[in-house]
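This briefing sets out the architecture of the structure shown below. The overall fold is treated before a single element is examined.

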Amino acid sequence: MPDFSPTEYAVPGFVLLVLIEMIWAWRNRPDAYEPRDTLTSLAFGLGSTVSGLIFGGFFFLLFLTVWEYRLFDLGPEWWAVWWAWPLCFVLDDLKYYWVHRAGHRIRWMWAAHVNHHSSQHYNLSTALRQTWTGPFTFGFLFAVPLVLLGFHPLMIAICGGFNLIYQFWIHTEAIDRMPRWFEAVMNTPSHHRVHHATNPRYLDRNYAGVFIVWDKMFGTFEPESDDENIRYGIIKQLGSFNLLWAVFHEWIGMLGDIWRSPWKHKLSYLLREPGWSHDGSRDTSDTIRARWLARKAQENQVASENPIAGEQEPA
């Protein structure tokens, strides 16, 4: 089977869609694009491509070695087994859900993934804001079960490429909602806007790549609310367009915490959730969300006890 990289063929389409969205933004949402932010996102994409070229071959050879120990064999013409392709695509997307969720819940992995969330703007160029340091988090190991099941590494890579292409178009505010049946099953701009939000109700929600059903199955789904404007970025915003700071700031912060912390807590700063601190002086997404839920519960209680006052409460 000839080598095939779907993302390479999709690049012209990416560029065209970004230009179309820029025209839409110029007419409808002038604040959707910020030139320096967009340039930073494009630089991220270029650096990520270089990183992929450097490390991709190593991972592919590693997976080929693991594939020799596969439990099931699709035969010498594995690429012609038609039913294996959709099955591989679905399982690869399930794998993506878990590696993505880990990227938000393990600080070592978040140090690489935070790059994708660091923009305070949400547009198609944000989709290109990909990590340079992802290979160092060993997230690729989540694909090992697929290899052991008998899916050829090239099949997995192609399915992953189409997964990445799908996720490009959902990074936009130009599309409000898709049809209800589509929103129920697939990841959409509405669902993914939630994922990129810093609002307490939205933190660490909607990890899906293609199928939003994973979030609904595993309790991490949150619908977009029309009653609350979304604030994008990260809890502690970068405050800079410096590319190297954007790439490495969380690695620097994490290593600093490990260096300064007592010995018994050093590993926790590596493996616990972002924001965790041994003295409880910082907030995690869980504590921020819990505080918000407690406040909303109190507001609802006040509203139920005094309906007239409740109607005057701010949203």
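Read along its sequence, the protein chain of this predicted model follows the pattern α-α-α-α-α-α-α-α-α-α-α-α-α. The secondary structure thus comes to 13 helices and zero strands. The protein chain has a radius of gyration of 21 Å, close to the 20 Å given by the globule rule for 315 residues, so it is as compact as a globular protein of that length.

**Dimensions and packing**
- Along the principal axes, the C-alpha atoms of the protein chain fill a box of roughly 75 × 55 × 40 Å.
- Buried residues make up 47% of the 315 residues of the protein chain.
- Of the contacts between residues at least 6 apart in sequence, 72% join residues at least 24 apart.

**Surface and charge**
- The protein chain exposes an accessible surface of about 17100 Å², and carbon and sulfur atoms account for 66% of this area.
- There are 26 positive and 31 negative side chains in the protein chain, with the centres of the two sets 6 Å apart.

**Helix 6**
- Helix 6 comprises 16 residues (153-168), which at 1.5 Å a residue should span 22 Å; the end C-alpha atoms are 23 Å apart, which agrees.
- The buried residues of helix 6 are P153, L154, M155, I156, I158, C159, G161, N163, Y166, Q167 and F168.
- Cover for these buried residues includes helix 1 (6-28), helix 2 (35-67) and helix 3 (84-105), together with helix 5 (144-148) and helix 7 (180-185).
- In an α-helix there are 3.6 residues a turn, so residues three or four places apart point the same way.

Note on methods. Residues are numbered from 1 along each chain as its sequence is written. This is a predicted model: local features need pLDDT of at least 70, side-chain atom pairs count only at pLDDT 80 or more; totals for chains, interfaces and linings use all residues. Side-chain values use heavy atoms; hydrogens and water are left out. Helices (H or I, at least four residues) and strands (E, at least two) are DSSP runs, numbered from the N terminus. The radius of gyration is taken over C-alpha atoms; the globule rule is 2.2 Å times the number of residues to the power 0.38. Buried means under 20% relative accessible area, exposed over 50%, partly exposed in between (1.4 Å probe, protein chains only). Contact means heavy atoms within 4.5 Å. Accessible areas come from the Shrake-Rupley method with a 1.4 Å probe; for residues, only the protein chains shown count as cover. Lys and Arg count as positive and Asp and Glu as negative; His and the chain ends are not counted. The place of a charge is taken as NZ of Lys, CZ of Arg, CG of Asp or CD of Glu. The expected span of a helix is 1.5 Å times one less than its number of residues.
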